[in-house]
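Biologist: Hey, could you walk me through this one? I haven't looked at it before.

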Amino acid sequence: MTQHIGIHDIAFATGHYALDLADLARVHGVAVDKFRIGLGQQVQTVAAPDEDIVTLATAAGQQILARHGSDGIQTILLATESGIDASKAAAIYVQDLLGLPNAVRAVELKQACYGGTAALHLAAALVARDPNQRVLVIASDVAAYDLDSGGEATQGAAAVAMLVTADPAVAVLDPVSGLFTSNVMDFWRPTYRSTPRVDGKLSVAIYLDAVEHAWKDYEARGGHRYTDFGAFCYHQPFTRMAYKAHSRLLEINGCAATPQQLDADLLATTHYNRMIGNSYTASLYLGLMSLLDHTDDLTGKPVAMLSYGSGCVAEFFSVTPVSGYREHLRAEANRAALADRRPISYDRYRALRESAQTGAGGDVEFDAVTTSGFRLSAVTDDKRIYQPVAR
Ligand code: HMG
């Protein structure tokens with residue numbers, strides 16, 4: 001059984017609109033620095049009405065298939081916590097839109113923001129069983145909180161697609177994981193709600209405790225020493241959360257968490273999340289992409305990864321970039337994807353949120369807005385209809 005398994009390719013897609021948090025700060029009656037410095041967020045992606053987790057996931061997956069084709073893909077795992085159906089896997093729509101063969105298994109996974117990490121590890125296990133197979137893992141989410149709530153400043157939307165294979169070209173998934181699960185009510189979304197219930201302060205405290213527990217389990221299982229890591233990447237509901245989490249890790253390891261040290265260890269992981277917002281399952285992997293795109297050379301240096309999903313599950317693990325990985329990145333396309341978003345005013349954003357029709361039942365047609373590969377054109381008889389975007 002090969003242990004040399006990991007990320008062969010990684011790509012992201014984000015939504016159509018960009019809302020400047022200065023506009024939200026004005027409406028919330030707070031200083032813009034609360035969002036820019038206190039939360040570490042500048043802009044948030046707002047999905048167009050004809051975008052959802054399926055269109056985002058498909059746009060990310062298309063980039064992977066454009067490079068590698070679909071040969072050998074026997075499984076597509078889609079992680080999300082903003083699911084569009086309580087029964088049918090969103091992965092099936094994506095399998096269809098991507099033109100993947102019918103001879104695949106397509107499954108949706110859920111555990112809040114941790115789901116993408118669960119999918120990555122399951123994918124690696126499938127490849128360990130049969131190194132000839134490749135697994136398409138996609139983490140896709142649209143994060144929306146109640147209007148005027150504290151969480152509104154942390155919204156966002158994105159999907160990250162990863163091709164998991166033997167002998168990967170980007171990074172190997174290292175074998176040791178530290179785990180932590182605890183039944184807590186920090187953030188949850190009953191099926192009748194389109195936005196989560198959240199106890200924001202509790203969620204921050206539990207996330208930090210989960211970092212500590214997952215790290216201690218990782219140490220106990222014989223993982224890398226703290227000083228072995230070349231970089232640190234955390235789930236980023238807002239980028240300052242990574243700073244809080246890393247301060248906790250430094251503290252546990254008896255190191256001083258100076259602002260300079262924190263910036264040196266984390267800044268490179270925050271560029272995309274700062275401009276997109278929370279993308280739940282995709283957020284940790286956007287952090288990894290930002291790190292790889294903004295760091296000179298991490299070949300052979302383990303990158304610590306901390307995945308947290310409210311409720312809660314956390315995992316501390318690592319990936320190690322392999323020789324030549326930089327040739328497989330998409331730094332320019334990634335920056336263009338952010339720059340291509342259309343600015344949206346607060347009033348327009350609010351109008352979109354207040355008129356959102358999905359989830360309400362009944363037939364609905366959506367205006368053609370998105371410029372990504374596919375759009376949600378209608379919901380008819382409770383069936384979602386996706387169409388290619390006219391070019
Ligand atoms: P809040 O009450 O609006 O903000 O909610 P605050 O009063 O805590 O202020 C935030 C920070 O801004 C503070 O910094 C302030 O001091 C600072 P801190 O003390 O924490 O270091 N601040 C300023 N800084 C500079 N200039 C100023 C200024 N004013 C204030 N003028 C909260 C913040 C995060 C609670 C809220 O946004 C929220 O509820 N968000 C949603 C929940 C969340 O993101 N939780 C994070 C951990 S849980 C998680 O990561 C899982 C999740 O992704 C979901 C999943 O797993 O599915 C959310």
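Modeller: Sure, let's go through a pocket and then the ligand, keeping in mind that this is a predicted model.

Biologist: Okay, how much space lies in the second largest pocket?

Modeller: About 700 Å³. It has 32 lining residues, and the closest to its centre are Gly150, Gly151, Thr154, Gly200 and Phe238.

Biologist: Which elements give two or more residues to that lining?

Modeller: Those are helix 2 (32-39), strand 11 (197-198), helix 6 (200-220) and strand 13 (303-309). Helix 6 has the largest share, with 5 residues.

Biologist: And how many of the lining residues are nonpolar, polar or charged?

Modeller: You get 15 nonpolar, 12 polar and 5 charged.

Biologist: Where does the second largest pocket lie relative to the domains?

Modeller: It lies between domain 1 (5-169 + 329-388) and domain 2 (173-323), because both give residues to its lining.

Biologist: Switching to the ligand: which residues are closest to it?

Modeller: Of the 28 residues that surround the ligand, the closest are Glu81, Cys113, Lys201, Lys244 and Ser310.

Biologist: What about polar contacts, say with Gly150?

Modeller: A polar backbone atom of Gly150 sits 2.8 Å from an oxygen atom of the ligand. Ser310 also has a polar backbone atom 2.8 Å from a ligand oxygen. With Asn278 the side chain is involved: one of its N or O atoms is 3.0 Å from an oxygen atom of the ligand.

Biologist: So how much of the ligand does the protein bury?

Modeller: The protein buries 71% of the 1100 Å² that the ligand exposes when taken alone.

Technical notes:
Residues numbered from 1 in each chain as written. Predicted model: local features only at pLDDT ≥ 70, side-chain atom pairs only at ≥ 80, totals over all residues. Heavy atoms only, no water. 1 Å grid on protein atoms, 1.4 Å probe; cavity = no way out; pocket = protein on both sides within 12 Å on 5 of 7 lines; lining within 4 Å. Points joined across faces, edges and corners; volume = space filled by probe spheres on them. Helix = DSSP H or I, 4+ residues; strand = E, 2+ residues; numbered from the N terminus. Nonpolar A, V, L, I, M, F, W, Y, C, P; charged D, E, K, R; others polar. Domains from an automatic or database assignment. Near = heavy atom within 4 Å. Polar contact = N/O pair within 3.5 Å; in protein donor to acceptor, adjacent residues only side chain to side chain. Areas by Shrake-Rupley, 256 points an atom, 1.4 Å probe, with all protein chains shown as cover.
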